[in-house]
Protein chains: 2
Amino acid sequence: MTESIQERLYPDLPCFGCGHGNDRGLKLRSYPADGYVTAQFTPWLEHDNGLGFLNGGIISTVLDCHSAAAVMLEAERQGWPPLPGVPLSYVTAGLDVRYLRPAPLKETVELRAVVTSATEPQITADVELIWDGKVRATAAALWKRWRPR
Amino acid sequence: MTESIQERLYPDLPCFGCGHGNDRGLKLRSYPADGYVTAQFTPWLEHDNGLGFLNGGIISTVLDCHSAAAVMLEAERQGWPPLPGVPLSYVTAGLDVRYLRPAPLKETVELRAVVTSATEPQITADVELIWDGKVRATAAALWKRWRPR
């Protein structure tokens, strides 16, 4: 398989969800597909929601971080690189998550993200968590251009 | 200090964010205050967002789980207990998070939640993450009555 978006664009990032420079994080790997960005995520035993399913906070984390991969890929394609002194070109400003059905704790789930609008100040993406052919959770993610202050 | 809402109402829950039966989780502790529910949360080093601030997914997790404490307390006050065979009376159906300002990775932050509407089928809550006198993130949480299937 080709190198993941995270490992190609920000290999040393210490982000909890998608940083491959974070030994204790989730190390999400996302890949370009035909019209969308895809990832597989296998939960850890501690990612329980208290009822034996995947925790809503962890679902939010992987939806957010997977949308990041789609947004950073779009920014690269548009020629909007990170500004000097920062590793990422955009940061999340909003994440509207809908939990539609329980997601499993002990199975690998799929994530799919599509960029829905892109201007240099902000990029939006829709992202889904899917298992067994059904969408378990969705999010609308709003990302804004990050400037160091 | 009095016993936390989590330890009083669901002491053995294995939830990643607020379960005290989860050895590897965040073990959030929330307390009733005057008109709201409060908690303090101290991030772990791995909760980085990649830029040296608190990760958005972890922010979502503690906003979700802290709103849970307010919702479960409201459900107890209203007399809407968990149904037979489940440990929780409600589950999250939606979480709309707004990231307003960076939140620190190495300081303790405060969480505040207020129940904004409550009927037996669904309860809503507004929840904030505050540090240094400023709101860093907010969420509107929608919880629905949980029935085992």
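This tour moves through a predicted model, from an annotated stretch of one chain to the axis that relates the two copies and then to a pair of helices.

Begin by selecting residues 52-129 of chain A, the range that an unreviewed UniProt entry annotates as "domain: Thioesterase". Coloured by secondary structure, residues 52-129 of chain A are 29% helix and 36% strand, and the C-alpha atoms at the two ends of this range lie 17 Å apart.

Next, display chain A together with chain B and superpose one on the other: a rotation of 180°, with 0.0 Å of shift along its axis, brings chain A onto chain B with an RMSD of 0.0 Å. The two copies are therefore related as by a two-fold rotation axis. To find where chain A comes closest to that axis, select Asp96(A), whose C-alpha is 2.0 Å from it. Both copies use the same surface, since 100% of the contact residues of chain A recur in chain B.

Now select helix H2, residues 56-78, in chain A and in chain B, where the two helix axes come within 8 Å and cross at roughly 155°. Because of that angle, H2(A) runs roughly antiparallel to H2(B), and the crossing of H2(A) past H2(B) is right-handed.

Finally, show the side chains where these helices meet: in H2(A) select Gly56(A), Gly57(A), Ile58(A), Ser60(A), Thr61(A) and Asp64(A), which meet Gly56(B), Gly57(B), Ile58(B), Ser60(B), Thr61(B) and Asp64(B) in H2(B). Coloured by residue class, the contact of H2(A) with H2(B) comprises 2 nonpolar, 8 polar and 2 charged residues.

Notes
Residues numbered from 1 in each chain as written. Chains lettered and ligands numbered in written order. Predicted model: local features only at pLDDT ≥ 70, side-chain atom pairs only at ≥ 80, totals over all residues. Heavy atoms only, no water. UniProt positions renumbered as here; feature names shortened; annotations may be inferred. Helix = DSSP H or I, 4+ residues; strand = E, 2+ residues; numbered from the N terminus. Least-squares fit on C-alpha atoms with pLDDT ≥ 70 in both. Contact = heavy atoms within 4.5 Å. Axes fitted to C-alpha atoms, helices over the stretch in contact; angles between N-to-C directions. Parallel < 35°, antiparallel > 145°, perpendicular 65-115°, else oblique. Left-handed = near helix turned anticlockwise from the far one by under 90°. Nonpolar A, V, L, I, M, F, W, Y, C, P; charged D, E, K, R; others polar.
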